[in-house]
Amino acid sequence: MFVEEVGPQGDLPPRVPDDWFVGFHRGLAARFWRAAGATMADADMRLIRELLGLAEGSSVLDVPCGDGRLTVRLAACGYVATGIDLAAGELEHARRAAADAGVDARFVVGDLRALPDVGLVDGVLSWGNSFGYLVPADTARSLTAMHRALRPGGRLVLESHTVAESLLVGGISPQAEYTFGGVRMTATNRYRAAESRMESDYVFEDEDGVIEHACGAHHVHTTGEVVRLLQGAGFRDVVLLDRDVRAPTSWARGGSSRSPRRRSDATAGGTPPAVADRARGTRPCSRQARHTVSPSAFVVRVTPSRAAASPLRRQ
Ligand SMILES: C[S@@+](CC[C@H](N)C(=O)[O-])C[C@H]1O[C@@H](n2cnc3c(N)ncnc32)[C@H](O)[C@@H]1O
């Protein structure tokens, strides 16, 4: 099928290739993202631990793990942590970080489009602006592989910065500029509506004036599409949370007669159910686990106001 799309200034620039991420995370781009990620790693980890709700000794797969900033922290918290990423160079950083921290963590080169089998785990983490890289059919396949990797009752914690309800209502800035780790990144963004695809041309410049160019794309899914993708992958309970985790914005479930929790139920005391369970000293996630044998998913979405606060939240 032929779809012609013309932007406000005429024809859109050439389409960013589907496999733009192959070779993207190296050089100044990788340095920039490592520095940006480091600034929020501890705060991210606090949130992730709450959402995973797993006991020490549980196994967690972090994919894609990048430089291992979260995998290493998971290992330091007592989880059996494995990280998978496409970028071998990032995994070298990850291995060094694990050695420096004195923790055991396993790192495996692998592609979200065909995730390697690293054995069954209790939790899967997809964090840090890593959702929506793939064309939708590959995203569906990657979620199915994550589901397959989870033990019965396990949990996927997925963060998306690009769900349509967050990204599009806030508006996509045509240009954005951020500096981390001495690298200035300028992003020129456009939206390819026929594919709900945000495309960006990046210029990275370091302190010495060295310049590198790259391009990338994020497929923008509505929250409903994400829920359908998760359900299609086999996830049963899907809990949607905002960035502060305290207020599930809505939730959806497949294949169960349990009636949906009302917002007021879910936010009682300001903590989501899994956190409340842990605070009472019961087995983490026990409320979900009692009712659910198939893996469940927590999806954290970033609200527009928060999205503007960081380049990892919005490009
Ligand atoms: C922004 S980083 C986030 C990494 C990590 N989740 C974090 O929060 O620090 C995105 C990572 O995704 C990896 N990546 C991109 N496409 C991938 C793919 N198809 N398969 C595996 N990893 C991929 C990149 O190599 C990069 O390290």
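Let's start with the ligand: the residues in the shell around it split into 10 nonpolar, 6 polar and 5 charged. Keep in mind that this is a predicted model. Of the 21 residues around the ligand, the ones that come nearest are Phe 21, Pro 64, Gly 66, Leu 86 and Gly 128. Helices join in too, with α1 and α2 each supplying at least two residues of that shell.

So how covered is helix α2? Mostly: of the 8 residues in α2 (residues 69-76), 7 are buried. You can pick them out as Arg 69, Leu 70, Thr 71, Val 72, Arg 73, Leu 74 and Ala 75. Here's what those buried residues of α2 pack against:

| Partner | Residues |
|---|---|
| α1 | 27-52 |
| β3 | 59-62 |
| β4 | 80-85 |
| α3 | 88-101 |
| β5 | 105-109 |
| β6 | 121-126 |

Step just past the end of α2 and you'll meet Gly 78, which takes a positive phi of about 100°.

Now for the nonpolar cores. Which residues of the largest one touch the most other members? Out of its 60 residues, they are Val 60, Val 124, Leu 230 and Val 299. Helix α6 (residues 223-233) gives this core its largest share, 5 residues. Take a closer look at Leu 230: if you skip its neighbours within four places in sequence, Leu 230 is in contact with Leu 143, Phe 235, Val 238 and Ala 297. Another core, of 11 residues, lies apart from the largest one, and its members include Val 183, Met 185, Tyr 202 and Phe 204.

Key. Residues numbered from 1 in each chain as written. Predicted model: local features only at pLDDT ≥ 70, side-chain atom pairs only at ≥ 80, totals over all residues. Buried ≥ 20, exposed ≤ 12 C-beta atoms within 10 Å, placed from the backbone. Helix = DSSP H or I, 4+ residues; strand = E, 2+ residues; numbered from the N terminus. Contact = placed C-beta atoms within 7 Å. Near = placed C-beta within 6 Å. Nonpolar A, V, L, I, M, F, W, Y, C, P; charged D, E, K, R; others polar. Core = buried A, V, L, I, M, F, W, Y, C linked by C-beta atoms within 7 Å.
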